[in-house]
Structure formats: C-alpha cells, structure tokens
Amino acid sequence: MAVKNVKGLQNGAVPSEVAKRDKNLKRGNWGNQIEFVLTSVGYAVGLGNVWRFPYLCYRNGGGAFMFPYFIMLVFCGIPLFFMELSFGQFASQGCLGVWRISPMFKGVGYGMMVVSTYIGIYYNVVICIAFYYFFSSMTPVLPWAYCNNPWNTLDCAGVLDAANFTNSSDPAHGPLNLSQLLNYTLKRTSPSEEYWRRYVLKLSDDIGNFGEVRLPLLGCLGVSWVVVFLCLIRGVKSSGKVVYFTATFPYVVLTILFVRGVTLEGAFTGIMYYLTPQWDKILEAKVWGDAASQIFYSLGCAWGGLITMASYNKFHNNCYRDSIIISITNCATSVYAGFVIFSILGFMANHLGVDVSRVADHGPGLAFVAYPEALTLLPISPLWSLLFFFMLILLGLGTQFCLLETLVTAVVDEVGNEWILKKKTYVTLAVAIAGFLLGVPLTSQAGIYWLLLMDNYAASFSLVIISCIMCVTIMYIYGHRNYFQDIQMMLGFPPPLFFQMCWRFVSPVIIFFILIFTVIQYRPITYNQYQYPGWAVAIGFLMALSSVICIPLYALFQLCRVDGDTFLQRLKNATTPSRDWGPALPEHRTGRYAPATGISPEDGLEVQPLHPDKAHNLLRGSNGSAHPQDSRI
C-alpha cells in the first residue's frame, strides 16, 4: 500500500482513486471544467468586443459585415483556437514549455511572452481609467454632464446645456438659430470630451512632453494591479473562483443596458445603422481583411494565454468542445454588445437631431467620451454610468488575469524545480510590481499617446507572424500525422477532417492574407488631429519587431548549441522533439511516448507496473522512442 501511495503522488494522482488519476498535483489543475471555460471566455471577451467590433460592423456594411465575420470565425478563428488549446493541454506546459515539440522554435514562446508583457502593461492602464470613471460616477450629477466646471472652455456645449438653452425663457437668448445649432451639434466640444482631455488626462501637446504623472490615475493603477494580484495569489486555484463573477456579471450589465437602451426614443434608428446590410461592400477586400483581423485579435490567438490556460486542464478534457463553445460565445458577445452601444448612440443622435455617424466612435473615444455623454441624457445617469464602467472593469480584468498568468506560468515552468513551484506567489508579486512600474509613464500627461502607440504596434502584425510560424511548425515540421495522433491519444478521437484541412491549408493562407492586408492598409498612427512624429513611429516598429526577433535569434542560438557535424544534422537535431516532449504525467505516456524499458528475461523482473524509481530512471534513459519518427500509437 505504501508503494502504491508513493506512485500515486509521483504521478500527480490521488492515491487509490482511479477517477482522479488525471490530476496533476504537482503543477495544479482547474477545480472543474466550468472554471476553465469561464476563464477562457473572460480572456477572449475583452474591451475590444465592446469598443471595436460594433464600430467595425457599422463602418463595413452593417449586417453584410456579419457574413465575412462568421466565415473567418469558422475557417480561421475556431481552428486556431482549438490548435492552441490542444497544444497546451497535451503538454501541460505554458507558452515556453510546449516548444519541446521543436526546440529550435522556442523563440515563438518568447515572442508570445513579449507580446503579453506589452499588452499587460497598457491594458491595466485602460482598466485603471475605467476605475477612475467608476469612482467619479459616485456623485448625484456626473462631472461630465455640464460645461460649468473649472476645466471647461468657452467652446464647450453639452447636450444638457443645449436643452436648457433651447427651453430658456431668457429673452436675451432668443430663438435657437442655425449657427447656434451647428455649435451645439456639428462643431461643439462636448463636456465629456473636455473632461477626458482637460481633466482626466490633462493631455499634453506632444508624445515627448510627459508633463506630470496624474496622481489620481496612478492611484487607480495601483488599485488595478492589487486586484489582479489578489485574484491570482494562488494561481488558477484562486482565479478560477473569481471568474464565476468576473466572467458572468458583464452579461448581466449588458442585458440591463440593452433593455434600457432599446426602450429609448431613437434606439431603433441606431440599431438600424448597426445592422442594415450594404451588400456592395462585401466585395471590398478591406471588409474581409477587417473581419479576419477582428476574429484573430478578439480570440487572443498567439498571445500565449490560450496555451497557458489549457495547460491546467486534465489530460483527457474535451478541449475540442470547449474551443467551439468559447469561440462562439466570444463572437456572440461582440454582436450583442453592438445592440447595447448603438441603441444608446441612436438615442443620443435623435436628441441632438444629427445623424448617428456624427456620434459613432470606437476605442477610448467610445468608452470614455461618446458613451458617457449619452448616459448623461438618461434619468438616474450616475447609476447607468456605474454599471457601464463596472462592466468595462470586469471585461478588462478577465483578460488581464490571463496575461499575468501567462508570464508567471512561463517563468515557473521554465525553471521547473520544487522551489519555484512553492514560491509561485512571489513570482506573481514580482511580475505585478514590474507591470505597475512600467505602467507609470502611461499615467502621465502624454500617457494616452504611448498607450495607443503600444496598442497599434506591440500587438499588431507580430501576432500574425507568430501564429503563422506556430501553425507551420506544428503541421509541417513536427508533422500533421504526429499531431493528429497526439490529439487522438488525448481526446480519444482524431480532429475532424474539417479541422485537419484548416490547420494544414486554409488557416495558414488566411493568416498570410491578414499579414498582407495589414501591410497594405498600414497608415501612420494618429490621435484625433495629432500626427505622431517619426521617432515615435520608429519606436512603435521596434516594439513590434522585439517580439518577432526572438524567433530567429533563438533559432540561431539553438543551432549553435545542438550536436551535429554538419548544418543539416544540426538543423535536424534542433527541430526534433526533445525527449521530455509529450504528456506530463507518466500514466499518460503510452504508445510512442512510453519509456523504453529494455527489459529481458535475464533481468529477473516480472511484467508489472513500474516502481516509481525505475520509471524515473527509464524515462531519463529514453533513447528516441518518444520521438515522432515512430508513427504508431
């Protein structure tokens, strides 16, 4: 019995419980499968679903945009999502450890880490601004409702001010003439915009003019990082419990805002702008490019987060089912958010007497200017504002949890000893402190310029290149037959033929198309009327290249250190899976991953389950049977 207990503990299984033998006690697993699905939904469904997709849909032909969007989801989004989940789950390793599959391409994992670092730095700054607006909404009157504040200019004209002016009995004002109407609609500066630019940001005139650090934003940034750290203090054990709230409550808020929005006058007009199909645009390459890009970036492919989250699954979990559920949920959320956004914007446009296109916006302009201004028109506006920004906070935190866990897991898996596993909380704390310090410049008066620079360059074409190389490495260097056999070994069935075709041919072509589209459609970055200087654009390109350059640099490093008399031998050895590639737990290492026993009758050994020490020695002595050249399972 004692031997049996030792064996169970070493294999990461609960002793004497066959049903729980799938558990990895050393590294940890999700408490249950719902935690993984909710965490992945929280990771994939982020701020972009609310502030980017609805505007893209409206700009690219309304309902007609849905057609290329769902085509790209089926042929690129879901297959890539399934590939990354199965990749991480099979090896039970983060974005670095999985590259035992082909050590020469471990630089792809480092590239994912660099991308996640950039996104994690600026993403939490967006969350901290949402925190600031959330706290600012705890007043009887929203501070961006009127133009009577110290930070407002003479050009300020709010929608509520305009209504008061129109209904004023002061004869000095007289009737509202055409020029005044233009001032209140087409040429006005809204109080929400002045609050955003002149009070929250105190925006400087140039990206190089940092000015002062905005202490209220700095405090909110500290709050953001403390919340993220506390939720990840025990890794997936704690974050898996938090996501029951952070991943579900945004849908409650979306539904509340949707019900309120569709009951407003003008909401139908706004929704029609969002959905009315313009079928002529479906022939434009830009529409297809935007659809492919939105699917790719929205699902979080090539960030490393999907691999990391799946690595905490049990080995036999049905990640094929999960990938379909999570991908469809993500896209359905984007469509649903469009109704919420455009119903309110339609109401605002109706109130102003202008076209919906005049008030439609995306990105920070939608989240912190247009939508907050529309909320001032509603009764009990502070309540709706609190709900909206609380939803943004939760959407951001769901993604931020996974970004931080990706970095921490990569470090812990790479070191891999007992000491680092016990000190994982301190690793999480160190990464959180570093993220906070690196985010401090983004809370300065020039912070929004740098935030948008990182958003446009740090996670743009580099993600496409990383994803393309990952797809080609798995399908053509490791071998599609080997990978399909791995999935059959893990799930009990091979990937469906449709996914096999997508992985081998369709998805790489679409990824390449996205890359070409990104290059062709490139325009120098601007923020409103501000043109970024050349040196700032150069820094942006350096950030983009810093993740991609990891791939050739590590490949050269691996070629130099691997054994081989000729270049071809070195290349072959560098791309051959390492001996520890495969399932993490010994009981799952069957077929071509089984240890080479080399037992003969002369050894005097019975054919029985291996003693842990012998299993350990045999695993270390494996001489190639775990390599993919043996195609049989």
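This briefing walks through some of the contacts, bonds and surface features of the structure above. Keep in mind that this is a predicted model. A search of the whole structure turns up nine salt bridges, and the disulfide count comes to one. There is also a nonpolar patch on the surface, made up of Val472, Tyr476, Ile477, Leu497, Met501 and Phe505.

**Salt bridges**

Side chains of opposite charge can pair when their charged atoms come close. Here are some of the pairs to look for.

- Start with Lys106 and Glu414, which form a salt bridge whose closest N and O atoms are 2.5 Å apart. This pair links distant parts of the chain, since Lys106 sits in helix α6 (residues 106-136) and Glu414 in helix α18 (residues 381-415), 308 residues apart.
- The two ends of that bridge have their own levels of cover: Lys106 is buried, with a relative accessible area of 14%, while Glu414 counts as partly exposed at 36% relative accessibility.
- Next, try Glu405 and Lys424, whose side chains meet in a salt bridge at 3.1 Å, N to O. Glu405 belongs to helix α18 and Lys424 to helix α20 (residues 424-439), so this bridge ties together parts that are 19 residues apart in sequence.
- Glu405 is buried, with a relative accessible area of 3%, and Lys424 also counts as buried, at 17% relative accessibility.
- Then there's Asp486, which forms a salt bridge with Arg592, with 2.5 Å between the closest N and O atoms. Here, too, distant parts of the chain are linked: Asp486 is in helix α22 (residues 461-491), and Arg592 is in the loop between α26 (567-575) and α27 (612-620), 106 residues apart.
- Both residues of this pair, Asp486 and Arg592, are buried.
- Finally, Arg59, Lys286 and Asp290 are joined into one network by salt bridges that share partners.

**The nonpolar surface patch**

- Together, the residues of the patch (Val472, Tyr476, Ile477, Leu497, Met501 and Phe505) have about 530 Å² of accessible area.
- If you want to find the patch by its helices, look at α22 and α23 (497-520), the elements that give two or more residues to it.
- Leu497 is a handy one to pick out: this patch member is found in helix α23, and it is exposed, with a relative accessible area of 59%.

**Cysteines, bonded and not**

A disulfide is a covalent bond between the sulfur atoms of two cysteines.

- Cys147 and Cys156 form a disulfide, and their sulfur atoms are 1.9 Å apart.
- The torsion about the S-S bond of Cys147 and Cys156 is about -70°, so this disulfide is left-handed.
- Cys156 counts as buried, at 11% relative accessibility.
- Cys76 is another story: the closest cysteine sulfur to its own is in Cys301, and at 6.9 Å that is too far for a bond. Cys76 is buried, with a relative accessible area of 2%.
- For Cys502, the closest cysteine sulfur belongs to Cys76, 8.6 Å away, which is again too far for a bond. Cys502 is buried as well, with a relative accessible area of 1%.

**Two buried residues to look up**

- Ser102 is found in the loop between α5 (63-91) and α6. This serine is buried, with a relative accessible area of 0%.
- A polar atom of the Ser102 side chain lies 3.2 Å from the backbone oxygen of Thr575.
- Setting aside neighbours within four places in sequence, Ser102 is in contact with Thr473, Ile477, Ala574 and Thr575. You've already met one of these, as Ile477 is part of the nonpolar patch.
- Pro68 is found in helix α5 and counts as buried, at 0% relative accessibility.
- Although Pro68 and Val287 are 219 residues apart along the chain, their C-alpha atoms are separated by 7.6 Å.
- Apart from neighbours within four places in sequence, Pro68 is in contact with Ile282, Val287, Trp288 and Ala291.

How values were computed:
Residues are numbered from 1 along each chain as its sequence is written. This is a predicted model: local features need pLDDT of at least 70, side-chain atom pairs count only at pLDDT 80 or more; totals for chains, interfaces and linings use all residues. Side-chain values use heavy atoms; hydrogens and water are left out. A salt bridge is a side-chain nitrogen of Lys or Arg within 4 Å of a carboxyl oxygen of Asp or Glu. Helices (H or I, at least four residues) and strands (E, at least two) are DSSP runs, numbered from the N terminus. Buried means under 20% relative accessible area, exposed over 50%, partly exposed in between (1.4 Å probe, protein chains only). Patches are made of residues with over 30% relative accessible area and no salt bridge: like charges are joined within 9 Å, nonpolar side chains (Val, Leu, Ile, Met, Phe, Trp, Tyr) within 5 Å. Accessible areas come from the Shrake-Rupley method with a 1.4 Å probe; for residues, only the protein chains shown count as cover. A polar contact is a pair of N or O atoms within 3.5 Å; within protein, one must be able to donate a hydrogen and the other to accept it, and residues adjacent in sequence count only if both atoms are side-chain atoms. Contact means heavy atoms within 4.5 Å. A disulfide is a pair of cysteine sulfur atoms within 2.5 Å.
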